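Me: I would like to learn how to read the features of a model like this one, step by step. Could we go through them together, with the general idea before each case?

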Amino acid sequence: MKIIVVDDEPIIADTLVNILEGEGHDALAVSHGESAVKWAKMVLPDAIVSDVIMPGMDGIETAIAIMKFLPKCRIILFSGQSASFDLLSKARAEGYTFEILAKPINPEKLLEKLNE
Amino acid sequence: MSSIDKVTAAESSFTPQLVGTWEWDPADNTSRLSPELFRLFGTSAFDPDHAQVWASRVFPADWANVQQKMQEGAETGNMEFEYRYQHPEAGLRWLYCRGARLHDESRIFGLVMDITSSKLASETSRQIEERYRVIVETTPECVKVVDRDGTVLHMNSAGLAMVGAESPDAVLGKSVYTLIASEDRDRFREFNEHICRGEKGSLEFDLVGLQGVRRHMESHAAPMQAADGTTVQLAVTRDVTSRSEAEKLQRRLAAIIESSEDAIASKDLNGILTSWNKSAERLFGYTAEEIIGLPVTTIIPPELHDDEPRILEKIRNGQPIEHFQTVRVHKNGRRIDVSLTVSPIRDEKGNIVGAAKIVRDITRQKKLEEAALRLAAIVESSDDAIASKDLNGVITSWNKSAEKLFGYTANEIIGKPVTLIIPPELHHDEDMILSKIRRGEKIEHFETIRVHKNGEKIEVSLTISPVKDDNGKVIGAAKIVRNITEANKIERALQTTEKLAAAGRMAATVAHEINNPLEAVTNLVYLAKRDLSSNDRVKGYLELAGRELDRVAHITRQTLGFYRDTSAPVQLNVSQTLDDLLLLYEKRLESRGVNVLRQFEKDLEITALAGEIRQAFSNLITNALDAMPEGGTLVLRVSKSHEWSNCNLPGVRITILDTGSGIEAKHRKNVFQPFFTTKRDVGTGLGLWITRGIVEKHRGSIRMKSRTGQNGHGTAFSIFLPAQYTAGKQTIGSKESDSNNLVSARGPA
């Protein structure tokens, strides 16, 4: 599975990539939304695992942008801040429904989620 | 000396006199009479017996005197006498006889005069004078004659008695002024001179007399011509001391009646008004002039006219009527509430001749009474405890709310010292309060502690005002006591919530900072475990580290509300949701030996935020498990229901019941409070708080019952969730939800 991991904290992005690679996935770490969209166009990932609150494009904007050209791409959002949920309801108003997992996310649960 | 003397003297000098002369020789008893004398005697010179005839005509009663005088005259040669004589034509006459011996002869020469007219005149005057004298002497009033200088010329015996003179000498010829009270002397002198100038007059003055006995006198005086031609005062003076006392008394009574605040009137036995004072004029609008002579029914309303004969009947029987409350009519038609007191009036003989009535206007009094009743009702029905005390701190009144607040009835506490409801350590408060009140100061919103009859302390806010009498003197204090125990509890709860809200906001802002490193560490531990799986010990450590991290994650999720559902509300099968959750806890249920009893009404669905509902159920199941470390039964019940307070709101009731140790009574009211936990080691104190938040967000409600008794213990949480989801209020950090739940959470406890 080709996965792009987006988090403005490199240590999180890098460790997640490491974990996903250990499970046999082809993962790529980027640190903000804009590069996620850029790389998504190039690698055409099966899934995006993204933080929500980030400088620049937030996770939801990133997800919506990617869904426009990759409608089948799976989106997994995770966040450590309740402000994320406000963004979520905004997205819902625009017709997009996302699930946000709370940080810290147990790596095993993340893997389960990807395998659903 | 009197005017009568002068009158008769003048009269006699003008009366023509008939005088006869005679010669009488006693030695041989021969006589010669002049012709005038024969005419006086009515005898004839030719009658040889004329002397016998004369003798026979002398008034028999005077004969002896005549004989004696003649015999004496014969011896002494001098005679003078009067006698009555029966004249044959002129009738009874008074004759005057005078005779004297000339030289040394035996013959006596004399004359006889008819003095009848003068004699009669003087007799009349004597009689008149005597009559006047008697009148003057017997009159009980003082009769006196005073000359221009104030010298007393005459005073009758009544007068002498009045001035305290033992004999006429003590007064006659003395100054009258010394007898007059000093303050009246000048007036009396002026009066005396006024009379002596020829005017009539009267005067009231005080007499002190010779003995210093003060009497009030009334004198009527007229000028009189004295013998010497001067004008003197003739006065008749009456002792009016007693009369003036009575008059004064009457005047005083009249003044009292006239100035009385009460209307006072009198009527005769026919109900005709006979007197009417000023207050009656004011009260009824009729002047005395207008109404005296009119029937009393003028002021009685027509429907009460029947009263009057009854009143009159009572009065005729001599029965007074006291404080009879009735209605009368003002001249302008206005009704007046009055209190009547009617008493019979008796004449000197004791016959009832009328009635005196005192009428008091009680309209104002009635209004005051009504106002007082109204105030009393307000005080009695006030939600605030209202009590009053005197300046010694003795309770004098106590309303219903005070009874409720302090547990003492009014009967129990009135008359007792107010310190009964003050905790001993605050007794000095009372001294401060009383001294302020004595100075007339008010105490407002003084927050302190009082004690209920059962010993429980009550937090109160006192407002104490001095109570003053009509003269403005402080006689006590009225206090309004407001129970602020509840208010303070709410206040404290609000403060707590406020703090929590702040803490929550802070936690949320740092959440990112906590959750991100936590995410990183979780990932790193995972990687370490994966890459070091060859080393069993290290793997063991890392597994422990992972579990601890899960716990930290769990806490942060619960604390910061990260279990909020991220999806839209969905149709949720309630029993299915519980079944799914129980799967998660299967292992723990088994290891603890907890039986699960499912009492599900199948296929009940609600619209809800699935994740949050799951969180709420899961918190309750976790609590139930924690309550039963030694095993027990977990009962899950799902039934169709409606809201407790609103039957029109359909939904589902979920009951999660354990047979654990139960929650101690003192903790029950706190279980929904944030950070409250009985699980010292593992609890966050947030589970139930968050659960309640979720339930309320769904417009549902949650209640708890718990028992700790020997024969049945455990805790039951009952949740109602409406069938349809409508977004409710955000509860975490919200004031209302905490204060509301403080109450609802206490209900079932």
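Reply: Let us start from a single residue and widen the view, keeping in mind that this is a predicted model. Ile256(B) belongs to helix H8 of chain B, which covers residues 241-259. Together with Leu249(B) and Leu253(B), Ile256(B) makes up a nonpolar patch on the surface, and the three residues have about 280 Å² of accessible area together.

Me: How many helices and strands does chain B have, and what percentage of its 749 residues is buried?

Reply: Chain B contains 22 helices and 27 strands, and buried residues account for 41% of its 749 residues. The area that chain B exposes is about 41000 Å², of which carbon and sulfur atoms supply 53%. Turning to contacts, if one takes those in chain B with a separation of 6 or more, 52% of them are between residues 24 or more positions apart.

Me: How should I read aromatic pairs, and how many does the structure hold over all chains?

Reply: A pair of aromatic rings is described by two quantities, the distance of the centres and the angle of the planes. Over all chains, the structure holds 12 aromatic pairs. In the pair of Tyr96(A) and Phe98(A), the ring centres are 6.3 Å apart and the planes stand at 10°, so this pair is stacked. As for their surroundings, Tyr96(A) is partly exposed at a relative accessible area of 23%, whereas Phe98(A), at 7%, is buried.

Me: Which class does the pair of Phe41(B) and Tyr85(B) fall into, and what are its distance and angle?

Reply: With ring centres 5.5 Å apart and planes at 45°, the pair of Phe41(B) and Tyr85(B) is tilted, because stacked pairs need planes under 30 degrees apart and edge-to-face pairs need over 60. This pair links distant parts of the chain, since Phe41(B) sits in helix H2 (residues 35-41) of chain B and Tyr85(B) in strand E3 (residues 78-87) of chain B, 44 residues apart. Both Phe41(B) and Tyr85(B) are buried. Ring pairs also join these two with Trp54(B), Trp63(B), Phe81(B) and Tyr83(B) in a cluster.

Me: Where do charged side chains lie over rings?

Reply: In chain A, the charged end of Lys103(A) is placed over the ring of Phe78(A), at 5.1 Å from the ring centre. In chain B, Arg189(B) lies over the face of Tyr177(B), and here the distance to the ring centre is 4.3 Å.

Me: What is the idea behind salt bridges, and how many are there over all chains?

Reply: Side chains of opposite charge can pair when their charged atoms come close. The count over all chains comes to 31 salt bridges. One of them joins the side chains of Glu23(B) and Arg107(B), with an N to O distance of 2.6 Å. The two partners are 84 residues apart and link distant parts of the chain, Glu23(B) being in strand E1 (residues 19-25) of chain B and Arg107(B) in the loop between strand E4 (91-101) and strand E5 (108-114) of chain B. Glu23(B) is buried, with a relative accessible area of 17%, while Arg107(B) is partly exposed at 31%.

Me: Are Lys389(B) and Glu430(B) buried or exposed, and how far apart are their closest N and O atoms?

Reply: The closest N and O atoms of the salt bridge between Lys389(B) and Glu430(B) are 2.8 Å apart. Lys389(B) is in strand E16 (residues 385-390) of chain B and Glu430(B) in helix H15 (residues 427-438) of chain B, so this bridge ties together parts that are 41 residues apart in sequence. Lys389(B) counts as buried at 2% relative accessibility, and Glu430(B) is buried at 4%. In chain A, salt bridges that share partners connect Asp7(A), Asp51(A) and Lys103(A) in one network.

Me: Where does Ala226(B) lie, and how far is Ala226(B) from Val145(B) in sequence and in space?

Reply: Ala226(B) is found in the loop between E9 and E10 of chain B, and at 17% relative accessibility this residue counts as buried. In sequence Ala226(B) and Val145(B) are 81 residues apart, and in space their C-alpha atoms are 9.6 Å apart.

How values were computed:
Residues are numbered from 1 along each chain as its sequence is written. Chains are lettered from A and ligands numbered from 1 in the order in which they are written. This is a predicted model: local features need pLDDT of at least 70, side-chain atom pairs count only at pLDDT 80 or more; totals for chains, interfaces and linings use all residues. Side-chain values use heavy atoms; hydrogens and water are left out. Patches are made of residues with over 30% relative accessible area and no salt bridge: like charges are joined within 9 Å, nonpolar side chains (Val, Leu, Ile, Met, Phe, Trp, Tyr) within 5 Å. Accessible areas come from the Shrake-Rupley method with a 1.4 Å probe; for residues, only the protein chains shown count as cover. A salt bridge is a side-chain nitrogen of Lys or Arg within 4 Å of a carboxyl oxygen of Asp or Glu. Helices (H or I, at least four residues) and strands (E, at least two) are DSSP runs, numbered from the N terminus. Buried means under 20% relative accessible area, exposed over 50%, partly exposed in between (1.4 Å probe, protein chains only). Contact means heavy atoms within 4.5 Å. Rings of Phe, Tyr and Trp (its six-membered ring) pair if their centres lie within 6.5 Å; planes under 30 degrees apart count as stacked, over 60 as edge-to-face and the rest as tilted. A charge sits over a ring if NZ of Lys or CZ of Arg is within 6 Å of the ring centre and within 35 degrees of the ring normal.
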